[in-house]
Amino acid sequence: MLVFLVSCDKKELHFESNAEVNHFIWRGLNSFYFWQEQVTNLSDVRFPSNSEYNAFLNSENDNNSFFDNLLYQKEVVDKWSWIVEDYVDLENSLKAISMHNGMEFGLVYEKNSTTDIFGYVRYVLPNTDAASKNIERGMVFKEINGTPLTVTNYIDLLFSNSSYTIHLADYNNGNPITNGNTIALTKNQHQENPVFKSNVINQGAKKIGYLMYNSFTTSFDDELNTAILNLKTQGITDLILDLRYNSGGSVRSAIYVSSMITGQFTGQLFAKKYWNSKFQSRFDSQDLVDHFTDKINNGIVQEPINSLHLNEVYIITTRSSASASELVINCLKPYIDVKTIGTKTTGKYVGSITLYDSPDLYNKTGINPNHNWAMQPITVEYKNKLDINDKDGFDPDILFAEEYNNLGVLGELSDPLLQRTITYITTGAKGKPQKQNIFPLNEFSSSRMALPTRDNMYAEIKN
């Protein structure tokens, strides 16, 4: 049952400065936040009178700080809840629309350093400035606008400006040295198609389908469905689903992907959902589960799902594989043989919903016209059919890390991680462990971590 303060008349409250936004933040987290019961200031009985609640709302002028202070063990337990000043930016992010120069990159600690970092290009988005400037996968950069990258300045250098110049470097065994080459890049609004690459690799009697899918984005469910149909038409015997840089997205799209890989489990249980206790009680039992499906119905397109009816899938993973990527792995495991190749995944087992300052909080109907703030707090935990998830991330069946000085071309045999996966498919052999001398360098961050959605997994409330 919601405390009276959640639904009380705003006339009873006295907002000063940014307190009206704080009121929205508090009632949203009090109603939906997954760890609501663990946060004293979110308790239904925390404020016995409106005057005390008023004082609490007016105690913090900074809305971001007010939000952060209500999170449960921020960056320890809750590493994922976030808030934005303009819900249009949030909605665009969920549609993979952002200001982007087209260079997707990773950031890595230099060898034997805890402060100095360098960047390497993971891939380049088509029809972007980076593509026109001939940026290529595997390029290494150490400086931005002439300033060496560190853990304290990378946000200002890479993410706070609409344009910047990268200074290319030679890898030098993990301590890159600039080589005098520079490339100027400019950001423009861009919508990324997450279906990045799809092709068939013939290996003897095997016709191996390869699909690199970089985000679970509802806007492109139909393009994903078409890519699966093309692989199916070519008669593939095996599928490699490359999620190495896929940090998550829509739960609904994760269900579609899993249903495309299979097809023989339509209507069967895909995932179980666990909300906070007060919200959990509002649902019927069937609203607390998701099922495999044979149709795409995402509010944009309606069409039958093209299914491969596989009993086995090979998934490429790295530390950047998170949330909805992990949901696919976890929820397919009770049904088919899921083989993972690469490095351990992030370990994100919870999802969020978008909350607006409106009467029911999750629809924009009746939204407060006085501000545009919205938030994406963690609201739900996902488990598979067997009531299992992995909070620490999924260990790969074959441990094989990318080498920054030998990345190869995505989708081609020159990519060592793809080549290792194909060897596993064609021989069944896990082979010798990878040489340990390539593992010392630790990933620090990536270009995707600057997006509002980051490693988000977002759900929907069934009305």
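Which residue in β11 is the bridge partner of Asn-199? In this predicted model, the bridge partner of Asn-199 is Tyr-210, which belongs to β11. The pair forms part of the antiparallel arrangement of β10 and strand β11 (residues 206–213), which are joined over eight bridges. Both strands belong to an open sheet of six strands with mixed pairing, in which the order is β10-β11-β12-β18-β19-β24. The edges of this sheet are formed by β10 (195–203) and β24 (398–399), each of which pairs on one side only. Strands of a sheet pair through backbone hydrogen bonds, and this pairing may be either parallel or antiparallel.

Within the six-stranded sheet, β19 (residues 337–342) includes Asp-337. With a relative accessible area of 31%, Asp-337 falls between the limits of 20% for buried and 50% for exposed residues, and is therefore described as partly exposed. When neighbours within four places in sequence are left aside, the contacts of Asp-337 are with Asn-311, Glu-312 and Val-313. Of the strands in the sheet, β18 spans residues 312–317. Val-289 lies 48 residues from Asp-337 along the chain, and the C-alpha atoms of these two residues are separated by 22 Å.

The sheet is also covered in part by a helix, since α9 lies across β11, β12 (238–242) and β18, and runs at about 160° to β12. Two packed helices are described by the angle between their axes and the distance between the axes. For helix α9 (residues 251–261) and helix α11 (residues 324–332), the packing angle is about 45° and the axes are 9 Å apart, and the two helices are therefore oblique to each other. The crossing in which α9 passes α11 is right-handed. On the α9 side the contact involves Val-251, Ala-254, Ser-258 and Ile-261, which meet Ala-324, Leu-327, Val-328 and Leu-332 of α11. The residues of this contact between α9 and α11 comprise seven nonpolar and one polar, with no charged residue.

A further helix, α8 (residues 221–233), also packs with α9, the two axes coming within 11 Å and crossing at roughly 10°. This angle is under the 35 degrees taken as the limit for a roughly parallel arrangement, so α8 is roughly parallel to α9. The contact is made by Asp-221, Leu-224, Asn-225 and Ile-228 of α8, together with Ser-253, Tyr-256, Val-257 and Met-260 of α9. In the contact of α8 with α9, five of the residues are nonpolar, two are polar and one is charged.

A separate description applies to an open sheet of three strands, which has the order β1-β22-β21 and antiparallel pairing. Here β1 (82–84) and β21 (355–356) stand at the edges, and because each has a single partner strand, one side of each is left without a neighbour in the sheet. The antiparallel strands β21 and β22 (residues 374–376) are joined by two bridges, and Leu-355 stands opposite Met-375 in β22. Two helices lie across β1, β21 and β22: helix α2 (residues 19–32), which runs at about 30° to β22, and helix α5 (residues 87–94), for which the corresponding angle to β22 is about 40°.

Note on methods. Residues numbered from 1 in each chain as written. Predicted model: local features only at pLDDT ≥ 70, side-chain atom pairs only at ≥ 80, totals over all residues. Heavy atoms only, no water. Axes fitted to C-alpha atoms, helices over the stretch in contact; angles between N-to-C directions. Helix = DSSP H or I, 4+ residues; strand = E, 2+ residues; numbered from the N terminus. Parallel < 35°, antiparallel > 145°, perpendicular 65-115°, else oblique. Left-handed = near helix turned anticlockwise from the far one by under 90°. Contact = heavy atoms within 4.5 Å. Nonpolar A, V, L, I, M, F, W, Y, C, P; charged D, E, K, R; others polar. Pairing = 2+ DSSP bridges. Buried < 20%, exposed > 50% of the residue type's maximum accessible area, 1.4 Å probe, protein only.
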